Number of protein chains: 2
Amino acid sequence: MWVLSLVLWAGWGEQMETVQTLMETARKDTLAYERLGELCLGIGHRLSGSKGLEEAVVWGQATMEKDGADRVWLQEVMVPHWERGEEHLWLTEPTHEELPFLSFGGSVGGVAEGEVLVVSSYDELGPRAEGKIILFNIPKETPGLEGYGDVVGYRYGGATAAAEWGATGALLRSIADGSLRTPHTGGMSYGEGAEKIPYGAITVEDAERLQWLQDRGTPARVKMSLGAKTYPDALSHNVIGEIRGTTYPDEVVIVSGHLDAWDVGQGAHDDGAGVIHALETLRLIRELGIQPKRTIRAVLWTNEENGSRGGKSYADAFGEGTFAAIESDLGGFQPIGWVSTGTGEQKAWLDRLLEGWGLPHIGNGGGVDIGHLEPHGTLLIGLRPDDTHYFDYHHAPSDTWDAVDERELREGLAHVAALTWLLANTEE
Amino acid sequence: MWVLSLVLWAGWGEQMETVQTLMETARKDTLAYERLGELCLGIGHRLSGSKGLEEAVVWGQATMEKDGADRVWLQEVMVPHWERGEEHLWLTEPTHEELPFLSFGGSVGGVAEGEVLVVSSYDELGPRAEGKIILFNIPKETPGLEGYGDVVGYRYGGATAAAEWGATGALLRSIADGSLRTPHTGGMSYGEGAEKIPYGAITVEDAERLQWLQDRGTPARVKMSLGAKTYPDALSHNVIGEIRGTTYPDEVVIVSGHLDAWDVGQGAHDDGAGVIHALETLRLIRELGIQPKRTIRAVLWTNEENGSRGGKSYADAFGEGTFAAIESDLGGFQPIGWVSTGTGEQKAWLDRLLEGWGLPHIGNGGGVDIGHLEPHGTLLIGLRPDDTHYFDYHHAPSDTWDAVDERELREGLAHVAALTWLLANTEE
């Protein structure tokens with residue numbers, strides 16, 4: 001295979017040397033973890049519309065400039081501006097205590113109080129939901145990313161379904177693998193014309209409790225008090241920095257992660273790790289003094305979490321001519337493979353690019369932000385890390401700097417930087 | 001060894017049959033876990049002075065009566081009454097966000113605001129602590145119970161030490177093994193004549209963050225707002241139920257756990273499991289229709305967590321003539337051994353009692369509640385479960401029903417019930 005590759009690709013041997021050097025340098029990159037600290041510990045969380053996000057924008061721009069990118073600029077993006085405010089959930093019967101709670105991004109504020117009706121699917125809704133608070137107790141059956149799709153529809157649609165039957169509020173069992181009584185937030189939406197009722201997450205443990213009480217015929221009541229408010233759209237920015245290609249400067253290879261993060265943790269796995277992968281790819285290439293044939297562009301997307309306006313705005317303005325795009329948005333864990341979206345020809349080309357050194361090409365996929373580039377015929381590539389523990393941290397207060405392992409973060413960087421380089425230099 | 005035992009102990013063979021029957025019945029006891037649910041999910045948390053604790057008292061008494069104890073009674077105990085109230089901790093510099101926080105039981109309420117000084121021991125305090133908020137960032141180096149002793153002194157003494165140098169508030173890194181950003185509370189105290197400043201726990205992750213900022217010269221400020229208040233002592237109760245001994249009714253064998261629990265989780269491992277071990281031991285003996293020679297008394301202690309008034313009151317009133325006492329207060333995990341306090345002769349006797357069937361006798365110890373019986377010459381015995389994950393839950397919101405494994409709870413019960421029986425029947 002190796003010999004075959006040498007024959008098939010002109011200059012492959014030289015490229016492989018560069019790839020090895022890039023990977024070795026990445027694996028010793030002490031700045032990667034330190035910069036993740038600057039973002040997570042120095043700035044903290046950064047939801048669209050927040051001061052934190054715009055501080056991160058300034059930090060991202062300054063960092064790229066310091067690293068010597070050929071050109072760094074901010075793209076203005078108007079983003080949703082929702083704030084959680086102060087919020088509480090009390091169990092008021094059969095006993096009185098406050099329960100950990102996080103409303104979902106986009107929920108209306110307000111107070112809802114009533115008996116809890118626990119259901120395990122939409123099918124169990126009906127007239128008896130009238131005036132109740134609905135708890136969708138949908139266990140995440142399969143650990144990791146695979147089990148997410150089965151449940152996340154309830155997060156987006158649960159409030160609308162509950163309101164259709166006259167419920168006054170809705171709760172969802174947190175979409176989590178590990179919990180330790182930690183609620184997990186995320187985006188939600190209201191259907192066209194739907195009554196807007198407060199909606200948020202309780203912990204896995206409290207969902208189990210309410211189920212237990214209902215199964216034994218003990219009525220439970222809760223009071224939800226949400227300070228959530230939606231403000232007019234706010235000004236935010238994609239941060240873009242590039243190293244200009246020597247041979248095909250108009251063919252752009254994107255390496256990216258999103259800068260925004262839910263307002264409860266530090267956005268370390270989601271998606272500080274991806275931001276670092278993008279920033280450090282650019283820096284390492286600069287540090288090694290190597291010049292790509294195509295233009296390499298690091299993009300730190302704004303507003304991935306609750307609107308994806310950053311990805312859309314970029315594609316609208318600059319999408320044309322984007323040769324390939326990598327997104328790292330599944331955490332800073334040990335990388336295990338790549339997923340892609342593209343034509344059969346593009347995918348076969350990617351297979352050949354990964355031969356002999358890279359992670360396996362394990363299926364279809366890409367990323368929320370780069371997804372907007374699909375109409376431009378761009379080859380879309382997503383990094384897949386080990387997701388065993390991703391849902392211990394996803395959209396939760398537990399998503400903090402120390403939850404990212406330095407070695408694993410660097411290993412992801414090594415693969416992202418190497419593939420970025422090959423995408424930007426392979427001429428076949 | 002087995003043969004030797006048969007020779008040494010009159011009636012040992014018969015006792016061993018009963019022990020095996022008790023253990024087999026315990027291992028199939030479906031009520032154990034269900035009753036843990038009644039306590040944890042039906043009643044919830046139950047700190048001294050709370051409505052929950054007195055509901056648990058009523059529940060404990062009713063349960064013992066239903067199970068057919070010969071005599072059930074409540075012992076009145078005046079207990080401390082501290083309430084947490086509403087509390088917040090905000091990081092105000094270098095960024096503004098609320099951090100998970102739990103004040104320590106006994107802390108004064110009030111507001112404290114200032115720059116954070118992170119220290120890793122009392123030695124690092126000094127004049128520079130003046131006007132600051134001190135964070136004791138003391139990692140729990142050794143997992144499980146062994147590492148607790150190295151840190152817990154800071155919980156009791158930290159506020160006093162900080163106030164001596166003019167600090168206005170104090171924080172402690174949570175004493176936890178697993179975290180997921182969960183704060184862990186517990187008891188604290190003020191030294192004689194010390195300035196009383198607010199004191200509580202932040203998460204391991206936020207302690208790491210404040211350390212990181214300090215190490216990089218970035219000033220951090222926090223604002224603590226504690227609604228904590230200490231009320232006059234409240235009336236509570238030890239719940240006591242017994243099966244009268246046929247031969248030595250005045251020699252009492254205690255099997256026990258504590259009913260109170262911190263006001264943040266459900267008190268499942270600490271100490272719902274011990275309560276179930278005690279209750280179900282009594283019930284299983286009743287169910288099997290067997291009569292012990294000594295009196296077996298199940299005691300559900302009140303106020304272990306912040307005062308130990310239940311244990312003290314019991315020893316004062318009923319301690320005389322207590323032959324032996326078992327306490328289960330280290331969680332509902334897989335049991336691995338026994339610890340004891342007593343004379344050499346008592347310990348040797350316990351060794352012989354455990355021969356051929358029981359868990360190993362692994363060292364010195366007992367329990368906080370039964371410790372008050374030491375002056376009465378009682379043989380004190382503590383159950384030691386596997387403590388690998390105990391400090392993921394200890395004094396934290398994560399200490400919930402589902403964190404206890406049903407099989408492990410029953411296995412602890414099997415050993416507690418069997419040893420209780422042998423203590424009450426062995427005549428040597």
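## Strand S6 and its neighbours

In this predicted model, strand S6 (residues 133-136) of chain A sends Ile133(A) and Leu135(A) one way and Ile134(A) and Phe136(A) the other, with all of them buried. Here, buried means under 20% relative accessible area, exposed over 50% and partly exposed in between, using a 1.4 Å probe and protein chains only. In a regular strand, side chains alternate between the two faces of the sheet. Strands (E, at least two residues) and helices (H or I, at least four) are DSSP runs numbered from the N terminus.

S6(A) has parallel company: strand S5 (residues 110-119) of chain A pairs with S6(A) in the parallel sense over 4 bridges, and strand S7 (residues 169-173) of chain A runs parallel to S6(A), joined by 4 bridges. Two strands count as paired if DSSP finds at least two bridges between them. Phe136(A) takes part in both pairings, as the bridge partner of Val119(A) and with Leu172(A) as its own bridge partner in S7(A). From S6(A) the chain crosses through helix H5 (residues 149-164) of chain A to S7(A), in a right-handed β-α-β crossover. Right-handed means that, with the strands pointing away from the viewer, the path from the first strand over the helix to the second runs clockwise.

## The loop after S7

Let's move on to Gly178(A), which sits in the loop between S7 and strand S8 (199-202) of chain A. Gly178(A) counts as buried because its relative accessibility is 18%. Leaving aside neighbours within four places in sequence, Gly178(A) is in contact (heavy atoms within 4.5 Å) with His184(A), Phe391(A), Asp392(A) and Leu180(B). Leu145(A) is 33 residues from Gly178(A) in sequence and 13 Å away in space, C-alpha to C-alpha.

## Two chains, one axis

A turn of 180° and a shift of 0.0 Å along the axis lay chain B on chain A with an RMSD of 0.0 Å. The two copies are therefore related as by a two-fold rotation axis. The superposition is by least squares on the C-alpha atoms of residues with pLDDT of at least 70 in both copies. Both copies use the same surface, as 100% of the contact residues of chain B recur in chain A. Of the residues of chain B, Leu180(B) comes closest to the rotation axis, at 3.3 Å (C-alpha).

## A residue in helix H2

Gln15(A) belongs to helix H2 (residues 12-27) of chain A, and it counts as buried because its relative accessibility is 9%. Apart from neighbours within four places in sequence, Gln15(A) is in contact with Leu422(A), Asn425(A) and Thr426(A).

## Conventions

Residues are numbered from 1 along each chain as its sequence is written, while chains are lettered from A and ligands numbered from 1 in the order in which they are written. Local features need pLDDT of at least 70 and side-chain atom pairs count only at pLDDT 80 or more, whereas totals for chains, interfaces and linings use all residues; side-chain values use heavy atoms, leaving out hydrogens and water.
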